[in-house]
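The following exercises concern the fold, the nonpolar cores and the chain contact of one structure. Please examine the sequence and the coordinates before reading the solutions.

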Amino acid sequence: MHTQFFGNFLLNKGVITPEQLIDILKIQSTAHKKLGTLAIHAGYMSASEVEDVFITQTHYDKLFGELAVELGYLTEDQVTELLALQLPNYMLLGQILIDQNIINHTDLENLITEYQSVYEIYDLELIEEQKHMVDKLLADFYLPEDLPHAEYILSYLTLLFNDLVRFIGEDFSTLNIMALPEVPTNFCIYQEVEGSFSFISALDMERETAITFASRYIKEELNEFDEYVTASMEDFLNLHNGLYSVNMSNDHSMELHLQPPMEQEGDLLSTGCPSYLLPIIFSFGTVNFIFSVEKIEE
Amino acid sequence: MENVKILICDDSILARKQLKDAIKKCGYDNFLEASNGQEAIDTYKEHKPELVFVDIVMPIKDGVEAIHEIREFDPTAHVIVVSSVGTQTQLKNAIMEGARDFIQKPFSISAINDIIRARFEGR
């Protein structure tokens, strides 16, 4: 998870340009090993068990290691061992920056010290700490001060980052959130969620970007922009909002209802309520995430 | 294999394809398709398929309304709900309307296999 924030940190400090960040994300997308891959490599899990955990992750908002233990595929000791094998993502990003001669080792050491002290990161191996840190980073980093009911939106964005990592890939970084009255779109999928907390959320990207996004999501190579690409984007948004409504039901006893996803292209997305635009830069293109709060009942 | 008709009702072409692919692996490939609740009702009335898979969240008429009208037309209709995560309340309503069983997306082949076998075994 940390590259996404470390990348933003480096961008904001002017250490790297957006173009350099995209190049680094491309390298990182092939360099990073996931816990499932490591577990297969260590002989602790079979491919079908890893697949089973991935499917279960689409029903429950939980970490890979957490579910693997619950399903009896790994022991907690094995998870700890595998996590130790994983280079923390921001270290990996730092390593790539050095390999590319963008910074040297001393620069990296200084940047990491500053990054850690700003965000109070002490023990990255601890899952709870990670959750904590994501919350803190989101709270300090992205949210405009006038955002209503920030805690609901914070948990929504935390889940969004987790779902992007789980279902699309880790090779992304974010820019800061912008508040806009209406948002110009490329190809846009949006979904209305109704209840005592009503909102519209949308995914917007260029058609080329959508093809890769969809291919990654359904784990199948799609070569042209067609109805399967559209359906995959809809499915991702629907799954993400569905998981969020489960979390809201469990954590706040709040029942939310999902409307069917809709699409629009090359027009302004105008919801009549303030919209928040979060650009997410993947190595294959920019995915704009739009969130618009319609109503919150106390 | 008997040439039984299976109606797949989902507004997502991707979800319909995934479900058809899974059912084909169980040896059945005579499909009817619908992309909203009203189409599902109309297709059911015209073809009387032996098995129906219905998504819950759909435009025009949702899955719960579709199940209600299909069961009103034919109380013996064998309907399976295909639910997405986060639709528990509607799922409960769908079961109360007479759905026989449900699967949750994304589904495993074995879940589809169980449903197909339960429906057609011993016919």
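Three exercises on this predicted model follow, each with a worked solution.

**Exercise 1.** Describe chain A by its secondary structure, its burial and the sequence separation of its contacts.

*Solution.* Begin with the elements: chain A contains twelve helices and ten strands. Next, consider burial: of the 298 residues in chain A, 37% are buried. Finally, take the contacts in chain A with a separation of 6 or more: 64% of them join residues 24 or more positions apart.

**Exercise 2.** Identify the residues with the most contacts inside the largest nonpolar core, and state which helix gives the largest share of this core.

*Solution.* The largest nonpolar core comprises 95 residues. Those with the most contacts inside it are Met233(A), Cys9(B), Val52(B), Val54(B), Ile80(B) and Val81(B). Helix H12 (residues 227-252) of chain A supplies the largest share of this core, ten residues. Both domain 1 (2-141) and domain 2 (172-296) of chain A contribute at least three residues each. As a local check, take Val54(B): beyond its neighbours within four places in sequence, its contacts include Cys9(B), Ala66(B), Ile67(B) and Val81(B). A second, separate core has ten residues, among them Val50(A), Phe64(A), Ala68(A) and Leu74(A).

**Exercise 3.** Characterise the contact between chain A and chain B, with attention to the side of chain B.

*Solution.* First, count the participants: 20 residues of chain A and 16 residues of chain B take part. Second, locate the largest share of the chain B side: three residues come from helix H1 (residues 13-25) of chain B. Third, classify that side: it has eight nonpolar, seven polar and one charged residues.

How values were computed:
Residues are numbered from 1 along each chain as its sequence is written. Chains are lettered from A and ligands numbered from 1 in the order in which they are written. This is a predicted model: local features need pLDDT of at least 70, side-chain atom pairs count only at pLDDT 80 or more; totals for chains, interfaces and linings use all residues. Helices (H or I, at least four residues) and strands (E, at least two) are DSSP runs, numbered from the N terminus. A residue is buried if 20 or more other C-beta atoms lie within 10 Å of its own, exposed if 12 or fewer, and partly exposed in between; C-beta atoms are placed from the backbone. Two residues are in contact if their C-beta atoms, placed from the backbone, lie within 7 Å. A nonpolar core is a set of buried Ala, Val, Leu, Ile, Met, Phe, Trp, Tyr and Cys residues joined through C-beta atoms within 7 Å. Domain bounds come from an automatic or database domain assignment. Ala, Val, Leu, Ile, Met, Phe, Trp, Tyr, Cys and Pro count as nonpolar, Asp, Glu, Lys and Arg as charged, and the others, Gly among them, as polar.
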